[in-house]
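I opened this notebook to keep track of a few lookups: charged pairs, strand pairing, nonpolar cores and aromatic rings. The entries follow in the order I made them.

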Amino acid sequence: MIRGRDSMDPLGDEFESRSGSENVDGDAVDNAEQEQDPNQRPRKKRYHRHTQHQIQEMEAFFKECPHPDDKQRKELSRELGLEPLQVKFWFQNKRTQMKNQHERHENSQLRADNDKLRAENMRYKEALSSASCPNCGGPAALGEMSFDEHHLRVENARLRDEIDRISAIAAKYVGKPMVPFPVLSSPLAAAPGASAYDVFAGAASVLQAPPDDKQQGVVVELAVAAMEELLRMARLDDPLWATTVDQALALDEEEYARMFIDPRGGLGPKQYGLVSEASRDAAVVIMTPASLVEILMDVNQYAAVFSSIVSRAATLEVLSTGVAGCYDGALQVMSVEFQVPSPLVPTRESYFVRYCKRNADGAWAVVDVSLDGLQGVKCRRRPSGCLIQEAPNGYSKVTWVEHVEVDDRSVHNIYKPLVGSGLAFGARRWVGVLGRQCERLASAMASNIPTSDIGVITSSEGRKSMLKLAERMVASFCGGVTASVAHQWTTLSGSGAEDVRVMTRKSVDDPGRPPGIVLNAATSFWLPVPPKRVFDFLRDETSRSEWDILSNGGIVQEMAHIANGRDHGNCVSLLRVNSTNSNQSNMLILQESCTDASGSYVIYAPVDVVAMNVVLNGGDPDYVALLPSGFAILPDGPAGTMHAAAGATGTGGSLLTVAFQILVDSVPTAKLSLGSVATVNSLIACTVERIKTAVISNGGASPPQ
C-alpha cells in the first residue's frame, strides 16, 4: 500500500479486497485460515469456490485462442467475475509458461544430443590412441584412418592452434613472455617496422565484418596502440588540453597532431569531409572500479545504464574474455548507435573494438577505436573511453575522453552549437549520466529509508520494482524519440524547427506495451529561458494543469516518491489526477525526472491502479503496459563562450523536445486513420503553445541562427 500525503490509500480498497488473496494471473492462494475465519465475507468465499472453475474455463479458452483481444478479455472477465487485468495477466503468464515448457523440452533434446556426441568423441579418441598399421604395427598412416578419425585429428590440430593464439594474446596483455605465433595475411607480417597507422589502415580494410583468425592480430595491435593514446590523453593537460572560459577542456589540434599523428605512430590524419569533436571530463562516482568495468564490458548493462545516449548496442565478436577471472585483457568487437533525444539530430553508428586493461598502478582503462573502412564513414571513433581509479569508501574517479570525427551536416541548425561543441555526444554527457545512474543504483539498494517522511516508499521490494519499471519507461522514451536509422519519421506540418515528426509502431504480444497501433509524435524547438527553469516547471505537479491537456484541468497530487540522487530533481514519483471527469478519477501517472550537467528529462506514463499495487508490493514490473511521453531539455550550446569547433555559442536558452506515444487502435492489423494523426498533431501543437506561454518571460534571448 502507498501512504500518500492525505494518509489515505490512493489505490483503492476494492482492489486490495480482491488482490489480497490472489496472484496476478488470477490463481487463488490456498489459505485455510481465511476459509475458517467466521468473519470472512460470504462473497469472498464464493469467489474462492469458483476459482477452479474459472481456471478451467480460461484453460479451455486458451486452447482455442491463446491471444485474446480486448473485447474477448472483457467478455471472459464478465462471465467469470474477474477483473479484465487479471484475465490479461493470466493469459500472459500462461503463454510464458508454455514457452518455458517448450524451451525445457528443447534443452533436454539438445542435452541428449550433446551427450551422444561426447560419447562418440570419446570413442574416436580411444580409436586414435590405439590406431596402428595392420602391416607393420606402427602408427597408422593418414590413408588408413576412417574419415571420422581423420576429421577429429584436423579438429584437434585447429584447437591446439586456437589455444596457442589465445595464450599469446593473453601473455601480451599481462606482460609475460609471449609464445611466437604467426599473423597470417597481416600488413605487419610483410612490413616488420610498420607503424600504428599502418595497423589502423590494415584493420580498416579487412574488418567490415567480425574478424577471423587471419585478422585478429591486426585488431590486437590496433587496440594496444589505442590504449596507449587514451592513457596519455587522460593524464596530460597543457599544452594538449586547454581550459575554456566555462571550465571545459578543449583539445589543441596542432599539439595532438604533433604528439599522435606521425608516420611512425598514431592512428592517421583526420579524414577529409569530417569534423573533429574532442572532450575530456572527470568525476567521482558512487561505484567500485570492478563494477564500472563490468558495466562497460557487458553490452546489456552498458545499454541499460546509458540508455539516454545508446539507442542500440551489440557485441559482434569476443576476441578475449580476459585473464585471471576478470576483464583484464578483454577484447571485443562492438556495434553501437549513439543518440541525442531529438528527431532533429541523426544518430551516429560506430563499429569499433573495445579493449579493457588493468594498469600497473591498479587503475582500469577501457578504450574504443573504430574499425570502420575509411570510405563513406560518417562517424570515425578515435581512441575514446575512460580511466577508472579507485577512491575511498567504494567510490571511483572516472576520467572520460571522447574523440570522434563525424559528418554533422545533417544536424538541424538549432542543435549545431550544442553538437559542434561536443556537449551533445561528448565526455561531459557520459560522465554526467554515469554519475546520475550510479546514484540511482545506490538508491535502489538503500535500506536506511526514514519512515517519517510522508509519501516515501520504504519497502525494499516495492522500491526496486518501481525503479525497474521507471527505468524501462525512460529507455522506451529515449529509444522512441531519436532520429535512428531504424526509425522512419514523417513530417506532418509546419516549417523549421517546430515540424511535428510522427511514426507508427505495431505492438504484438509485448507484455510491456499495450497491443495495437502506437503513434509516436515528437517535435523540438528553442526556448529563450534556462534549462533549469524549464525543468523545474515541467516536473512540478502543481503546474501540470498548465500544459497537460489530458489531465483536463484536474489537480495533480504526488502520492508517493523515491529520491534517487543528490539533486532534488532526481526523483521517481507516482501521481494521482483528481479530474472532474469521473472516468479519470482513479488515473495514476508514473513519472521520472532526472537532471545532470548535460541535460534533463521529465518522462511519464499513465499506469493502471491494479498494476501499480502489484508493483508496489514487489511484483514483477515487466508485465505493466507503458506508453511513455515526456520532455528532454538540453542547453542550446556552450554557455558564454565561443567554441572553436562549433563556430557558435549558446545563448543560455533551452532546446526542448516534446514527445508523445499514444495507442490509436487496439487492433495491431488495423490501418492508421488520418483523423488519429490529426488529433495527435493538434495535441502536441497545443502542448507546445501552452508551455511557451507558461515559461517564456519578457526580454528573452534571441534565437540561435
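Before starting I fixed the terms: a residue under 20% relative accessible area is buried, one over 50% is exposed, and anything in between is partly exposed. I also noted that this is a predicted model.

Entry 1, aromatic pairs. I searched the whole structure and got 13 aromatic pairs. The one I looked at is phenylalanine 61 with phenylalanine 91: the ring centres are 6.0 Å apart and the planes stand at 90 degrees, so I logged the pair as edge-to-face. Phenylalanine 61 belongs to helix H4 (residues 51-64) and phenylalanine 91 to helix H6 (residues 84-129), so the pair ties together parts 30 residues apart in sequence. Is each ring buried or exposed? Phenylalanine 61 has a relative accessible area of 23%, so it is partly exposed. Phenylalanine 91 is at 1% and therefore buried. I also noted one aromatic cluster, formed by Tyr302, Phe306, Phe338, Trp400 and Trp430.

Entry 2, nonpolar cores. I looked up the largest nonpolar core and found 45 residues in it. Tyr302, Phe306, Phe338, Trp400 and Tyr415 have the most contacts inside this core. Helix H15 (residues 427-445) gives the largest share, 6 residues. Where does the core lie with respect to the domains? Domain 1 (214-444) and domain 2 (455-641 + 650-697) both contribute residues, so the core lies between them. I then listed the contacts of tryptophan 400, leaving aside neighbours within four places in sequence. Among them are Phe306, Cys386, Trp430 and Leu434, as well as the charged residues Arg280 and Asp281. I also found a second, separate core of 35 residues, which includes Leu467, Ala470, Ala522 and Leu616.

Entry 3, strand E5. I checked burial along strand E5 (residues 331-338): 7 of its 8 residues are buried, so the strand is largely enclosed by the rest of the structure. Which strands pair with E5, and in what sense? Strand E4 (residues 310-320) pairs with E5 in the antiparallel sense over 8 bridges. E6 also pairs with E5 in the antiparallel sense, over 8 bridges. For E4 and E5 I noted alanine 313, whose bridge partner in E5 is valine 336. On the E6 side, arginine 354 stands opposite glutamine 332.

Entry 4, salt bridges. How many salt bridges does the structure hold? I counted 22. In one of them, aspartate 361 meets arginine 235 at 3.5 Å, N to O. Aspartate 361 sits in the loop between strand E6 (348-358) and strand E7 (364-370), and arginine 235 in helix H10 (residues 216-235), so the pair ties together parts 126 residues apart in sequence. Aspartate 361, at 52% relative accessibility, counts as exposed, whereas arginine 235, at 42%, is partly exposed.

Next I took arginine 380 and glutamate 405, whose closest N and O atoms are 3.2 Å apart. Arginine 380 is in strand E8 (residues 379-381) and glutamate 405 in strand E10 (residues 396-406), 25 residues apart. Both residues are buried. The salt bridge between arginine 544 and aspartate 548 has a closest N to O distance of 2.8 Å, and both partners are buried. Last, I recorded that Arg354, Asp368, Arg381 and Glu402 are joined into one network by salt bridges that share partners.

How values were computed: Residues are numbered from 1 along each chain as its sequence is written. This is a predicted model: local features need pLDDT of at least 70, side-chain atom pairs count only at pLDDT 80 or more; totals for chains, interfaces and linings use all residues. Side-chain values use heavy atoms; hydrogens and water are left out. A salt bridge is a side-chain nitrogen of Lys or Arg within 4 Å of a carboxyl oxygen of Asp or Glu. Helices (H or I, at least four residues) and strands (E, at least two) are DSSP runs, numbered from the N terminus. Buried means under 20% relative accessible area, exposed over 50%, partly exposed in between (1.4 Å probe, protein chains only). Two strands pair if DSSP finds at least two bridges between them. A nonpolar core is a set of buried Ala, Val, Leu, Ile, Met, Phe, Trp, Tyr and Cys residues joined through side-chain atoms within 4.5 Å. Domain bounds come from an automatic or database domain assignment. Contact means heavy atoms within 4.5 Å. Rings of Phe, Tyr and Trp (its six-membered ring) pair if their centres lie within 6.5 Å; planes under 30 degrees apart count as stacked, over 60 as edge-to-face and the rest as tilted.
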